[in-house]
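Trainee: Could we go through the labels on this one together? I would like to see how each follows from its value.
Mentor: Happy to, let's have it in front of us.

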Amino acid sequence: CRAGLCFDPNQEMKDCTRFGQCLDFISILRGDKKSNHELHKETGLDSLTDETICALSEERIVPDFCIHSIYLSTPNMVKEFALVNKHINANFQIHISETKKEVSECKTKYGCSPVEYFNNLGIFDSNVLAAHCVNVSDSDLDILKNKHVSIVHNPVSNKFLDSGHAPIYEALKKGINICIGTDGCASNDNLDMFKEMTFAWMYANEHCPKGCSVSASDILDMGTINGGKAIRRKCGSIEVGYKADLIALDFTYSEEDIALDVIQKANPKNVKYTFANGKLLYRENNFLTLNE
């Protein structure tokens, strides 16, 4: 992504540099347009390797749209992005309702929640990945469900920043697609998906209604196949027609609940093989396509 940012509510998008860069970023990486000097400096689009170009053509790397958040954008930008993406049909990434302050300020300024705000401006007419969704109401969850928005749950970052706990059990009950992210090193200090699944399982069950629980299998789905659904890529499951995106783990587990053992016991050191699209990239501590 090239994150969309705008701070002037009166600025037209034709005059917003960052909006233009977001459009260029998508167009260049899709092969529809040649790159420009300004974008070269900040993104390195002038030095794409043959491997990267191949990965783009095979859709192993996919450029997405992104508006960082309600507080780093304007209604004009949101509406323009929504209109443009009806034609481009890219995935759309956004941070929503991460903190109580964000929700409170949105209600004061616009008279609605962040989920309602983005829905009213048309963003949810795209395929949206909504990061966080910590401070969402039941009616917010209904909107996300009806608009087929995927929640990207970031449990470690949420704990690290004391943002709160996303209502994972309630979202699952409504049938919302939930996947797992890290929110990046700036708010996490780590990119460990095993750790994220562990924390997601602990927090979800800590905050479940009495007598209810979220299964380890549900959490493992969030870390695998649900992410594939979110980005509209057939991966995360070992079956005919899916991408051969696989890791092989070597660790001690029981036969009773392998999903629970993966979540409770496995870590990155247990990964012995990594395949992407059927290509072996990593084998027993050796990177086969990268110069360390």
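Trainee: Why is phenylalanine 251 called buried?
Mentor: This is a predicted model, and in it phenylalanine 251 has a relative accessibility of 16%. Buried means under 20%, so phenylalanine 251 counts as buried.

Trainee: What makes tyrosine 253 partly exposed?
Mentor: The relative accessible area of tyrosine 253 is 43%. Partly exposed lies between the cut-offs of 20% and 50%, so that label applies to tyrosine 253.

Trainee: And why is the pair of phenylalanine 251 and tyrosine 253 called tilted?
Mentor: Their ring centres are 5.7 Å apart, and rings pair if the centres lie within 6.5 Å. The planes of phenylalanine 251 and tyrosine 253 stand at 45°. Stacked needs under 30 degrees and edge-to-face over 60, so this pair is tilted.

Trainee: How many aromatic pairs does the rule give?
Mentor: The count comes to nine. One of them joins phenylalanine 81 and phenylalanine 92, with centres 5.6 Å apart and planes at 90°. Over 60 degrees counts as edge-to-face, so that is the name for this pair.

Trainee: Where in the chain do phenylalanine 81 and phenylalanine 92 sit?
Mentor: Phenylalanine 81 is in helix H4 (residues 75–88) and phenylalanine 92 in strand E2 (residues 91–96), 11 residues apart. Phenylalanine 81 has 0% relative accessibility and so is buried; phenylalanine 92 also has 0%, so buried holds there too. Ring pairs also link Phe19, Phe65, Phe81 and Phe92 into a cluster.

Trainee: On to charges: what makes lysine 147 and aspartate 125 a salt bridge?
Mentor: Their N to O distance is 3.1 Å, and the cut-off is within 4 Å. Lysine 147 lies in the loop between helix H7 (138–146) and strand E4 (150–153), while aspartate 125 lies in the loop between helix H6 (114–120) and strand E3 (127–132). These two residues are 22 residues apart, so the pair links distant parts of the chain.

Trainee: How does lysine 265 with aspartate 261 fit in?
Mentor: Their closest N and O atoms are 3.6 Å apart, which gives a salt bridge. Both lie in helix H13 (residues 258–265), four residues apart, about one turn of the helix. Aspartate 261 has a relative accessible area of 6% and so is buried, whereas lysine 265, at 45%, is partly exposed.

Trainee: Why is lysine 14 called exposed?
Mentor: Lysine 14 has 68% relative accessibility, and exposed means over 50%, so the label fits lysine 14. The partner of lysine 14 in a salt bridge of 3.9 Å, N to O, is glutamate 12. Glutamate 12 is partly exposed at 48%.

Trainee: What makes strand E6 and strand E9 edge strands?
Mentor: The open sheet runs E6-E7-E8-E9 with antiparallel pairing. Strand E6 (246–249) and strand E9 (286–287) each pair on one side only. Inside the sheet, E7 and E8 pair over four bridges.

Trainee: Which strands help line the second largest pocket?
Mentor: Strand E7 (271–276) and strand E8 (279–283) each supply at least two residues, and E8 gives the most, with three. The volume of this pocket is about 290 Å³. Its lining divides into five nonpolar, two polar and three charged residues, and includes Glu51, Arg60 and Lys279.

Notes:
Residues are numbered from 1 along each chain as its sequence is written. This is a predicted model: local features need pLDDT of at least 70, side-chain atom pairs count only at pLDDT 80 or more; totals for chains, interfaces and linings use all residues. Side-chain values use heavy atoms; hydrogens and water are left out. On a 1 Å grid over the protein atoms alone, a cavity is a set of points where a 1.4 Å probe fits but cannot get out, and a pocket is an open set with protein on both sides within 12 Å along at least five of seven lines; lining residues have an atom within 4 Å of a point. Grid points are joined across faces, edges and corners, and a volume is the space filled by probe spheres set on the points. Ala, Val, Leu, Ile, Met, Phe, Trp, Tyr, Cys and Pro count as nonpolar, Asp, Glu, Lys and Arg as charged, and the others, Gly among them, as polar. Rings of Phe, Tyr and Trp (its six-membered ring) pair if their centres lie within 6.5 Å; planes under 30 degrees apart count as stacked, over 60 as edge-to-face and the rest as tilted. Buried means under 20% relative accessible area, exposed over 50%, partly exposed in between (1.4 Å probe, protein chains only). Two strands pair if DSSP finds at least two bridges between them. A salt bridge is a side-chain nitrogen of Lys or Arg within 4 Å of a carboxyl oxygen of Asp or Glu.
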